[in-house]
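Colleague: I am new to this structure and would like a close look at one part of it, the space enclosed inside. Please start there and then follow the connections outward, at whatever length you need.

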Amino acid sequence: MSGTGPSIFGEPAVVRRLERRGALSCLTSNGTVAAAVMVGAALLALVVANTPLYEGVEWLLAQPLELGAGPITVSLTVEAFVNDFLMAVFFLLVGIELKYETTVGQLRRPRQAALPMLAAVGGVCAPALIFLACNLAAGGAGEPRGWAVPIATDIAFALGVVSLLGRRVSPETKVFFQTLAIADDILAIVVIALFYGQTPDLAWCAAALACTLALLGLNRARVYSVAPYVAVGLVLWACLYKSGIHATLAGVILAFALPSRSDVRLSELGGWLARRARDLDDTYDDAHHVLGQHDFTEGAWHVERVMHHVTPPLERMERYVSVFVNFLVLPVFAFVNAELHLVGENFGAILMSPVAHGVYLGAVLGKPIGIIGVTWLLVRLGFARLPRGMDWAQVVTVGLMGGVGFTMSILITGLAFADPADAIAAKCAILAASVSSAALGLVFARCAVPRPSRRKGDSGPGQGVS
């Protein structure tokens, strides 16, 4: 039973197939590739929106759908399905990342996480103030309701851009930026829940609360199968949708209800596997076809089931949805919401729109001002220190990259603006600001952050900046 791959699997083709799956897994887990696919979908949407295909796409997005059954049936359009249901799956993945960080990651040490988290607060407040200043100074022509549009940093897009810098950005800086982006998402979720929901329906709010308690009850009862959580989570989504609270929050609630522990006692797993291996050796018979080896295949199936439960439900759910989110949900969302029909639009009006000014300046100027300013102030006051391997040039890079706010900003745009002209101006500014922030961050880092020199003994990308 021991040996190399071919001696175990019997067929080299099996080994090659498994190796190809491993390569595909590496590709689909690459943040740069995922960000590129999302950007490609947005660019495709811009092209399609200004061709004769635009009317057909708009007709498709307006088609009605019905989800659910009985009293929890939800009626919505294809566009609302993308923005409310598919984005709830995106928020599920965000919630999983948040729970991971609060359990074993950077957010479990409050002192260590305080600097990037407070920098995220600065990166939310400064853009909002700049947006309000631009719109309130417009003498009533602006739309202050969109103050939250420039506050968000897109985790997938921004980290994908940062990865293009390679070893020029230290691992500590990447962790700092990831923690900041996660805290930024927490704030954006709170803002959506408090300021961009409808008037709550108390009956459906009560039903949503009951679903939340049911999810917590499953966790307390040590239910480690994912299926019951998904079933209750779907009902929770429908209740939130009908309650007037933004339904995407169901994804975050579901993520925090999923158990982060294994229901297998890991300290005893090795001994149990050794005993099962001996049992399999005893029941295996060379003289029989595999279909006739009932005891052997039954024992192997039992081992397989146990090994499946070694992985906590939280991590299993992440594996189930991460590729789906990165390569379907986010590209579809980008395609649906980046459709800017500019044929016949008054470009002068868009360029002069206080909404566009507020969004663009809020992201490109407000984000770095808030992030860098709060970080400098906290370090200056002695409240915190920069992580080892991170210098002020990298802090500025992080601040500039913070203006890359695509997914969440577009989502908030759809909630904030009733006037199509304001929505178009905001989306144009979001796209321009994201490209500008990414370009500024890349150029600044390549000019101001020295490339780390490879000294003897360096093992690779894990080394800090020299």
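Modeller: Helices α16 (354-380) and α19 (420-448) each supply at least two residues of the lining of the largest cavity, and this description, like everything that follows, rests on a predicted model. Of the elements involved, α19 gives the most to that lining, with three residues. The full list of lining residues runs through V149, P150 and A152, then V359 and A363, then G403, G405 and S409, and finally I430, A433 and S434. By character, the lining divides into seven nonpolar residues and four polar ones, with no charged residue. The volume of this cavity is about 40 Å³, and a search of the whole structure finds two cavities of 30 Å³ or more.

The second largest cavity holds about 30 Å³ of space, and its lining consists of V162, V169, T173, F177, T397, V398 and M401. Here α8 and α17 (392-401) each supply at least two residues, and the largest share, three residues, comes from α17. Five residues of this second lining are nonpolar and two are polar, while none is charged.

To move outward from the largest cavity, it helps to follow F406, because two residues that line that cavity, I430 and S434, are among those in contact with F406 once its neighbours within four places in sequence are left aside. The other contacts of F406, counted in that way, are M38, A42, D154, F157, A334, A338 and L431. F406 also belongs, together with F90 and W237, to the residues with the most contacts inside the largest nonpolar core, which has 117 residues. The helix that gives the most to this core is α5, with 15 residues. Apart from it lies another core, of six residues, including V264, W272, V303 and V306. As a general background, nonpolar side chains in soluble globular proteins tend to be buried together.

W237 leads on to the aromatic rings, for which a search of the whole structure finds six pairs. In one of these, F85 and W237 meet edge-to-face, with 5.1 Å from centre to centre and 90 degrees between the planes. That pair links distant parts of the chain, since F85 sits in helix α5 (residues 78-103) and W237 in helix α10 (residues 226-243), 152 residues apart. W237 counts as buried because its relative accessibility is 4%, and the cut-off for being buried is under 20%. A second edge-to-face pair joins W147 and F195, at 5.3 Å centre to centre and 85 degrees between the planes. This pair, too, links distant parts of the chain, with W147 in the loop between α6 (110-136) and α7 (155-163) and F195 in helix α8 (residues 171-195), 48 residues apart. F195 counts as partly exposed because its relative accessibility is 43%. Returning to W237, this residue forms one aromatic cluster with F81, F85 and Y241.

A last detail concerns the backbone at R222, which lies in the loop between α9 (202-220) and α10. R222 has a positive phi of about 60 degrees although it is not a glycine. Such a value deserves a remark because most residues other than glycine have a negative phi. With a relative accessibility of 60%, R222 counts as exposed, whereas W237, which belongs to α10, is buried.

Note on methods. Residues are numbered from 1 along each chain as its sequence is written. This is a predicted model: local features need pLDDT of at least 70, side-chain atom pairs count only at pLDDT 80 or more; totals for chains, interfaces and linings use all residues. Side-chain values use heavy atoms; hydrogens and water are left out. Rings of Phe, Tyr and Trp (its six-membered ring) pair if their centres lie within 6.5 Å; planes under 30 degrees apart count as stacked, over 60 as edge-to-face and the rest as tilted. Helices (H or I, at least four residues) and strands (E, at least two) are DSSP runs, numbered from the N terminus. Buried means under 20% relative accessible area, exposed over 50%, partly exposed in between (1.4 Å probe, protein chains only). A nonpolar core is a set of buried Ala, Val, Leu, Ile, Met, Phe, Trp, Tyr and Cys residues joined through side-chain atoms within 4.5 Å. Contact means heavy atoms within 4.5 Å. On a 1 Å grid over the protein atoms alone, a cavity is a set of points where a 1.4 Å probe fits but cannot get out, and a pocket is an open set with protein on both sides within 12 Å along at least five of seven lines; lining residues have an atom within 4 Å of a point. Grid points are joined across faces, edges and corners, and a volume is the space filled by probe spheres set on the points. Ala, Val, Leu, Ile, Met, Phe, Trp, Tyr, Cys and Pro count as nonpolar, Asp, Glu, Lys and Arg as charged, and the others, Gly among them, as polar.
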